[in-house]
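Here's a short set of exercises, each with a worked solution. Grab a viewer and try each task before reading on.

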Amino acid sequence: MEKNARQGIKTACDFKTLIDLKNLPAPAQSLTCLKCHSANATFNLHNWNAGSHAVNEVSCFDCHDVHASPDLQVTPLASGQLCFTCHQSAQAEFALASHHPLREGRVFCIDCHDAHGGFSGSHLKMDDVKETCVQCHPDKRGPFLYGHADVAEDCLNCHSPHGSVNSSLLIAREPFLCLQCHEGHFINNPDGTPLSRASARAYYTRCSDCHSRIHGTDVPSTSGEGRFTQ
């Protein structure tokens, strides 16, 4: 072939002698890429081998077309449809009435998740769920003088991250969500007399109508007990 090259004779490529990458096992496909794209050269790959994608034999080829172009990165806008090819339950959740605006192109899967592995579960980019959420919802970060313990622990105690049939991505409607942890109560009229039963039922529609600072507040309520009403 070298002699033919000197003489300007074109020689057909004997592609049958090349490694058949497409038919290699998924781990072998990824290892082929990782020879160059190591943790030193591509930092976000240092968690790949321990990530759920690698464990479930998803290879680099499943998301990247290695011969498409010099830049094989998936754009944020295209990442959603790419992820949905496998994560169909998440796609269904984003179609619910209350959802993060991924279909509208305002957020993307890669805003929260790192497909190559993460420091916590679900390939999250941040250390935990709350740290991920407060990147966009900083007013919920705290700490607050009057903190809501379950909220401080994990946002998923109350919210569904992709979509929900309930408003504000809640996993259950108010007041049923709140009543899972808190006892219900009635409220008296300004003169101290009890509300009629018909009026009292109105206070069992949405707890947040009165407790508007349910994520936490630095301001005490009128009772001085921090009831998340201010």
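**Exercise 1. Find where Glu57 sits in the chain, then work out whether it is buried or exposed.**

Solution. Start with location: Glu57 falls in the loop between helix H3 (52-55) and H4. Helices here are DSSP runs (H or I, at least four residues), strands are runs of E of at least two, and both are numbered from the N terminus. Next, the backbone: phi of Glu57 is near 60°, a positive value in a residue other than glycine. Finally, accessibility: Glu57 counts as exposed because its relative accessible area is 54%. The cut-offs are under 20% for buried, over 50% for exposed and partly exposed in between (1.4 Å probe, protein chains only).

A note on the input: this is a predicted model, where local features need pLDDT of at least 70 and side-chain atom pairs count only at pLDDT 80 or more, while totals for chains, interfaces and linings use all residues. Residues are numbered from 1 along each chain as its sequence is written, and side-chain values use heavy atoms, with hydrogens and water left out.

**Exercise 2. Do the same for His123: which loop holds it, and is it buried or exposed?**

Solution. His123 is placed in the loop between H6 and H7. Its phi is near 55°, again positive in a residue other than glycine. With a relative accessible area of 8%, His123 is buried.

**Exercise 3. Sketch the overall layout of the chain.**

Solution. Count elements to begin with: there are 10 helices and four strands. Then write them out in sequence order, which gives α-α-α-α-α-β-α-α-β-α-β-α-α-β. For burial, 22% of the 230 residues are buried. For contacts (heavy atoms within 4.5 Å), take the pairs at least 6 apart in sequence: 44% of them join residues at least 24 apart.

**Exercise 4. Work out how many disulfides the structure holds, checking Cys112 and Cys155.**

Solution. The criterion is a pair of cysteine sulfur atoms within 2.5 Å. Take Cys112: the closest cysteine sulfur belongs to Cys136, and at 6.5 Å it's too far for a bond. Cys112 is partly exposed, at 32% relative accessibility. Now Cys155: its closest cysteine sulfur is in Cys133, 3.8 Å away, which is also too far for a bond. Cys155 is buried, at 17% relative accessibility. The total for the structure is zero disulfides.

**Exercise 5. List the buried residues of helix H2 and of helix H4, and say where they sit around each axis.**

Solution. In H2 (residues 26-34), the buried set is Ala26, Gln29, Ser30, Cys33 and Leu34. They span an arc of only 135° around the axis, so they are on the same side of H2. The arc is taken over the directions from the helix axis to the C-beta atoms. Handy background: an α-helix has 3.6 residues a turn, so residues three or four places apart point the same way.

In H4 (residues 76-84), the buried residues are Ser79, Gly80 and Phe84. Their arc is only 120°, so these too are on the same side of H4. What do the buried residues of H4 pack against? Their partners are helix H5 (88-94) and helix H6 (109-112).

**Exercise 6. Place Leu21 and name its contacts.**

Solution. Leu21 belongs to the loop between helix H1 (2-6) and H2. It is partly exposed, with a relative accessible area of 28%. Skip neighbours within four places in sequence, and Leu21 is in contact with Gln29, Thr32 and Phe61. For Leu21 and Thr32, 11 residues apart in sequence, the C-alpha to C-alpha distance is 8.7 Å.

**Exercise 7. Locate the two cis peptide bonds that end at Pro143 and Pro175.**

Solution. Gly142 and Pro143 are joined by a cis peptide bond with omega about 5°. Pro143 is in the loop between helix H7 (129-133) and strand S2 (146-147). The bond from Glu174 to Pro175 is cis as well, with omega near 5°. Pro175 lies in the loop between strand S3 (163-164) and helix H9 (176-179).
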